[in-house]
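User: Please take a close look at one loop of this model and the charged side chains around it, and then follow the thread outward to the other charged and buried sites. I would like one connected account, with the cut-offs spelled out.

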Amino acid sequence: MNRRILVMAAALVAALVLAACGGDGATDTAGDAVDGNGDGDRPYIALVSKGFQHQFWQAVNQGAEEAAEEFDVEITFEGPDSEAEVAQQIDMLRTAMDRNPDALGFAALDSEAAAPLMEDAEARDIPVIAFDSGVDSDVPLTTAATDNLAAAAHAAEKMVELTGGEGQIALIVHDQTSVTGVERRDGFVQYIEENAPDMEIVAIQYGGGDHLESTNLATAIMQGNPDLVGMFGANEGSAIGVVNAVNELGRAGDIVVIGFDSGQAQIDAIREGMMAGAITQNPIGIGYETVKAAVGALNGEDLPETIDTGFFWYDQSNIDDEEIQAVLYE
């Protein structure tokens with residue numbers, strides 16, 4: 001009898017697992033599975049992000065949930081396993097659209113790869129709001145994002161200030177296909193080229209936002225350039241990879257490390273003096289403004305071309321300031 005019960009229990013568990021795997025994994029703000037038709041009493045807005053593994057995206061989700069509650073709409077929030085999984089994100093976007101949302105929020109990993117689905121959304125009268133990273137398409141009605149060119153230029157200005165404007169530096173960037181990756185790279189590089197003639201950028205590498213891959217890349221750059229004086233990590237995973245490499249090679253205090261985003265690991269690195277400082281975005285604001293803009297679109301409101309959600313520089317001197325604490329995503 002005991003054996004029979006155990007077999008029946010195992011079969012039940014297996015059935016539940018298969019049922020869970022058969023869905024698209026999207027949940028609403030209460031954690032309940034979405035029924036797939038998007039035709040409930042409240043407007044349904046599907047949000048597809050660039051990832052979910054970083055604290056940044058969890059903070060964006062938090063802001064989106066706050067707006068969903070305020071404006072009485074239903075949302076789902078999902079993203080690929082890593083910011084290198086372009087194909088997985090495209091599949092998620094297609095699945096989200098198949099749920100017939102009233103509006104769509106999208107942060108593109110590859111701004112060109114998603115363009116055909118943007119055209120499909122327009123043909124189906126689904127208003128699209130881009131967030132964090134723009135899309136190579138005229139379909140999105142607005143983009144809620146940081147001014148990444150200006151933010152990266154400010155990071156470069158700090159690099160010049162902290163290194164004395166001389167010596168070799170390098171960049172670890174999350175990708176060269178998303179708008180955020182391109183603009184953070186270009187904003188940093190352009191500032192250095194225009195304002196620091198005695199600085200040389202010896203390498204720009206792309207780690208997909210993965211801290212392990214970024215660690216390997218940063219380690220190789222440092223080993224190949226022993227006179228390096230500074231490194232810029234263009235997102236959370238990139239910056240932590242640089243910090244890891246600096247620690248592993250015993251170069252802490254010898255190389256100026258500047259990051260982008262926050263997260264607990266970067267906050268700890270700044271408090272401990274491993275990282276000089278970083279740019280933090282306003283991820284809660286990005287999520288909130290994305291849902292707010294989607295609601296506005298559904299109500300027929302005119303939207304601006306972009307919604308600038310702001311950025312801040314933080315280091316040991318101001319990390320505990322109330323203004324900075326409000327935009328750190330631990």
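Analyst: D261 is a good place to begin, because at 4% relative accessibility it counts as buried, where buried means under 20% relative accessible area, exposed over 50% and partly exposed in between, with a 1.4 Å probe and protein chains only. This is a predicted model, in which local features need pLDDT of at least 70 and side-chain atom pairs count only at pLDDT 80 or more, while totals for chains, interfaces and linings use all residues. Residues are numbered from 1 along each chain as its sequence is written, and side-chain values use heavy atoms, with hydrogens and water left out.

D261 sits in the loop between β9 (256–260) and α9 (264–271); helices (H or I, at least four residues) and strands (E, at least two) are DSSP runs, numbered from the N terminus. Its backbone has a positive phi of about 80 degrees although D261 is not a glycine. The side chain of D261 meets that of R184 in a salt bridge (3.9 Å, N to O), a term that stands for a side-chain nitrogen of Lys or Arg within 4 Å of a carboxyl oxygen of Asp or Glu. Since D261 lies in the loop between β9 and α9 and R184 in helix α6 (residues 179–195), the pair ties together parts that are 77 residues apart in sequence. Both D261 and R184 are buried.

E236, in helix α8 (residues 236–248), belongs to the same account, as D261 is among the residues that E236 touches. Leaving out residues up to four places away in sequence, the contacts of E236 are H54, Q55, F56, F260, D261, S262, G263 and Q266, contact being heavy atoms within 4.5 Å. E236 is itself buried yet has no salt bridge, and R184, the nearest side chain of opposite charge, is 9.1 Å away; Lys and Arg count as positive and Asp and Glu as negative, whereas His and the chain ends are not counted.

A second aspartate with an unusual backbone angle for comparison is D132, which has a positive phi of about 65 degrees although it is not a glycine. D132 lies in the loop between β4 (128–131) and β5 (142–145), and at 3% relative accessibility it counts as buried.

Turning to the other ion pairs, the count by the salt-bridge rule comes to ten. One of them joins the side chains of R42 and D72 (3.9 Å, N to O). That pair links distant parts of the chain, with R42 in the loop between α1 (2–22) and β1 and D72 in the loop between α2 and β2 (74–78), 30 residues apart. R42 is partly exposed with a relative accessible area of 34%, and D72 is partly exposed with 48%. In another salt bridge, between D186 and R185, the closest N and O atoms are 2.8 Å apart; D186 counts as partly exposed at 22% relative accessibility, whereas R185 counts as buried at 17%.

Finally, two buried sites without charge round off the picture. G51, in the loop between β1 (44–48) and α2 (55–71), counts as buried at 0% relative accessibility and touches W57, F77, G79 and P80, not counting residues up to four places away in sequence. M222, in helix α7 (residues 211–224), counts as buried at 1% relative accessibility, and its contacts beyond four places in sequence include L228, V242 and I255.
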